[in-house]
Amino acid sequence: MSAIPSNVGIADKTIEQEFAEAVRLHQSMVFSIAFHYVRDRALAEELAQEVFLQLHRNWCSIKSPEHLVFWLRKVTSHRCIDWSRSRKAASEISLDDAAEPTALESIQDPLLSAWLERMVASLPEKQRLLIILRFQEGMEPEEIAKALGMNVSTVKSQVQRTIELLRSKAARTMERKE
Amino acid sequence: MDAFEKQLAKALSRKDPPAGFAARVLARAEQQKQPSRWFSWRWLAPVTAALVLMGGVGIYREQERRARGEEVKEQLLLAVQLASSKLYQAQQKVESIGSRRETNVGSNIGSTRN
């Protein structure tokens, strides 16, 4: 197997070189999933490092570059969920209870992005991951379902429901501002 | 994808990890490859010797326990044999006394009739 771009000679690479290449190639994907989930750069780095170390231990089980991407997304998602579950503090708030931006905050483009990031981070764990995988990674519901071990219909309905909730929350905030 | 969803995708765009991330991962992966510190070949001989010794002691104790068991079994069999021979002798005595009494009673009855 090789995680290396097709223009690089596979035969010339050692396993360590292949692994290093995979880390460089996919570091922002893994880090971003973790970061959007935990909203803490240091913690996201720790989670992402753990994912790559697990990959290093299981390198021989990776069958293709596509499998590698699937494996990384799946393992990162599960690591994030495990982190949530191990953190017993009820710091997670539901979407309905999440603080909306104050009236002083203008919902202009960059601020809307920051607001949306905060809103996504406040979602319950499964919904948060669904939205991250759908919108950060652009994954199709079928791929998400496979990675998280869920029904495709459940993924579709939960993604749709979460988008509608976020949309209505954003609309309310805009109205309040006006 | 509508405008809101596009905005969501933009908000959740990929971010670069902190500088030196890949190097830190590779260093940890390299560490992971090293055999753990508690294992060292120099411990192999004494640990093997200790295991062999413990095994030997175990086998010796087991054999000793079995030999003691056999001894106890033999003593028990001997005791049973002795007890049964004593019982046999006692039974013989009782029977001989019984037959003598019957003979005496028979001769007494005969002399009374006469």
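This report covers charged side chains and their contacts in a predicted model.

Residues are numbered from 1 along each chain as its sequence is written, chains are lettered from A in the order in which they are written, and side-chain values use heavy atoms, without hydrogens and water. Local features need pLDDT of at least 70, side-chain atom pairs count only at pLDDT 80 or more, and totals for chains, interfaces and linings use all residues.

**Salt bridges**

A search of the whole structure finds 15 salt bridges over all chains. A salt bridge here is a side-chain nitrogen of Lys or Arg within 4 Å of a carboxyl oxygen of Asp or Glu. Three of the pairs are set out below.

| Pair | Closest N to O |
|---|---|
| A:Arg167 and B:Asp2 | 2.7 Å |
| B:Glu5 and A:Arg167 | 3.8 Å |
| B:Arg68 and B:Glu64 | 3.9 Å |

**Between the chains**

A:Arg167 lies in helix H7 (residues 152-177) of chain A, and B:Asp2 in the segment before helix H1 (3-11) of chain B, so their salt bridge joins two chains. Helices are DSSP runs (H or I, at least four residues), numbered from the N terminus. A:Arg167 also forms a salt bridge with B:Glu5. That pair crosses between chains as well, from helix H1 of chain B to helix H7 of chain A.

How buried or exposed is B:Glu5? B:Glu5 is buried, with a relative accessible area of 13%. Buried means under 20% relative accessible area, exposed over 50%, and partly exposed in between (1.4 Å probe, protein chains only). A:Arg167 is partly exposed at 24%. B:Asp2 is partly exposed at 31%.

**Within chain B**

B:Arg68 and B:Glu64 both lie in helix H3 (residues 44-113) of chain B. They are 4 residues apart, about one turn of the helix. B:Arg68 is exposed, at 51% relative accessible area. B:Glu64 is partly exposed, at 36%.

**A network**

Which residues are linked in a network of salt bridges? They are A:Glu46, A:Glu50, A:Arg79 and B:Arg28.

**A buried arginine**

A:Arg73 sits in helix H3 (residues 65-86) of chain A. A:Arg73 counts as buried because its relative accessibility is 12%. Its side chain makes a polar contact with the side chain of A:Glu137, at 3.0 Å. A polar contact is a pair of N or O atoms within 3.5 Å; within protein, one must be able to donate a hydrogen and the other to accept it, and residues adjacent in sequence count only if both atoms are side-chain atoms. Leaving out residues up to four places away in sequence, A:Arg73 touches A:Met29, A:Ile33, A:Glu137, A:Met139, A:Glu143 and B:Arg14. Such contact means heavy atoms within 4.5 Å.
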